[in-house]
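Reader: I have a few bench-side questions about this model. Can we go through them one at a time?

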Amino acid sequence: MDNSNQINSVPLTAADCFILALEKHDHHKGLSGNTCRYLLELDGELNVADFKNKITNNKASQYLASLSINKNGLFALPKWESNQWKKIEVTAHENDSFLPDLLINKKISAVNSPLFSFDIIRRSDRKTALIFSWNHLIMDSYGAVLFLKQLNGSESSSGYISDNTKIKFNVSTLKEAVKATFFLSASSKKPTSGLSPETRHPEVDQKIKVIRFTKEETMEIDLNAPKLGAKFGRSPFYLACSARAVKEILIQRKSTVSNFWIPVPQNKRKKGAVGPLLGNHLSFLFYRLNSEVLESLEHAVKTINDQMVDQIRKGIPRAYDVLMHFLRRIPSSLYYQLIKGPQGGSLSGFLFTIAEDHPEELLKFDGLNVTDALSFPPNIYPPGLTIAFMRFKGRLQIMVLYYKEVLSEVEMVQLEKQLKFELINGKKFIE
């Protein structure tokens, strides 16, 4: 790895500061907060002692484990500061569960470094699951995969930090920030719908459901997306099916369905980038879907596709980046109030993301075949429901993270059934 970018003080990115505001106001007991996970299923026994030695002697892990967040004043820019290297937690478990509850609800705080850890689950069939857990503040999922590649010796990164061009405060950039503010205000205005209860539970319990598809089913899904109007990728089709499944849950609850407001993260790196590791390099597109639009799968896909094209044409992603850049110095308590809006409530109807496909360079880890890989994003509460899509060896899989206080087991079965049917068949689910 090129260590020229390994410096002692690194400003948080605009997306980092957004995540930090969420982190500061995460008070519910049982929440996993901003904790992300990447799980590798291995076809043999991973040597725990050798793995610990590898982590201890890896320069990237040493640097990342030395970082903590510092802010020198109320309106100062938060920074990563590198101090003394801290021991990285590697915990071995004997368990045949796919992912034990202890790990599903594990929380990594941003307060104490290092902001990541590893768990090794040894199965009775002599196979292993390796789980890399990290606080979203220190890296995004793309950076996490780069880090795992680095640990595996298959690829070196171009650096720890990015060379982002600074955004100057002037009349032009002020107009951009104002444009983004007005867009967000109009896009997210009440009423909006979601599954989280009006009365917040002081203690919650997270669950995870993985929905898997065969290669043949994945090919059918790929054919359905453009047929239904997803002209620039499959994301509008995935989102339309997800929103329709959530809407059906609300209908069965006899709840009012108004509008879903859904921010969707976008990776700002160039395709195939090998860096940076540190920080979140994300922007967002925003979708507002009303109940009428969601009556038709084709109409929902077209609406999402049209909103995406319209936002790009109007320069909303760039304007939003400028706004996020200017908000970096805002105290986290005020930033959080801006995120929630004057009426408070949930940040969105549900959270939705598409992770990068698991890379071919990581189909072996420490000499063992990787038989499955899953990327679990954080599940912010509220809304308490996150739907994430990714691919492993050409097979689509969906990770649904939810709190049982938000979605019941019966409702989860219903959501899975409808989601699978509409993705594979490209038409309305009728039970």
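Author: Start with a term. Two strands pair if DSSP finds at least two bridges between them. The model is predicted. In it, Ser-9 of strand E1 has a bridge partner in E4, and that partner is Glu-81.

Reader: How many bridges join E1 to strand E4?

Author: Strand E4 covers residues 79-82. E1 and E4 run antiparallel. The number of bridges joining them is three.

Reader: Which are the edge strands of the sheet with the order E1-E4-E3?

Author: This sheet is open and has three strands, with antiparallel pairing. The twist averages 30 degrees from one strand to the next. An edge strand pairs on one side only, which holds for E1 (9-11) and E3 (67-70).

Reader: Which residues have the most contacts inside the largest nonpolar core?

Author: That core has 88 residues. Leaving aside neighbours within four places in sequence, Phe-118 is in contact with residues including Phe-51, Ile-88, Leu-130 and Phe-147. The residues with the most contacts inside the core are Phe-116, Phe-118 and Phe-147.

Reader: How many residues has the other core, which lies apart from the largest one?

Author: Its members include Ile-221, Leu-250, Ile-304 and Tyr-381. Its count is 51 residues.

Reader: Is helix H8 mostly covered or uncovered?

Author: H8 spans residues 235-252 and reaches 26 Å from first C-alpha to last, close to the 26 Å expected. Buried means under 20% relative accessible area. By that cut-off, 14 of the 18 residues of H8 are buried, and the helix is mostly covered.

Reader: Which residue just after H8 takes a positive phi?

Author: The angle is about 65 degrees. The residue is Lys-254.

Conventions
Residues are numbered from 1 along each chain as its sequence is written. This is a predicted model: local features need pLDDT of at least 70, side-chain atom pairs count only at pLDDT 80 or more; totals for chains, interfaces and linings use all residues. Side-chain values use heavy atoms; hydrogens and water are left out. A nonpolar core is a set of buried Ala, Val, Leu, Ile, Met, Phe, Trp, Tyr and Cys residues joined through side-chain atoms within 4.5 Å. Buried means under 20% relative accessible area, exposed over 50%, partly exposed in between (1.4 Å probe, protein chains only). Contact means heavy atoms within 4.5 Å. Helices (H or I, at least four residues) and strands (E, at least two) are DSSP runs, numbered from the N terminus. Axes are lines fitted to C-alpha atoms, for helices over the stretch in contact, and angles run from 0 to 180 degrees between N-to-C directions. The expected span of a helix is 1.5 Å times one less than its number of residues.
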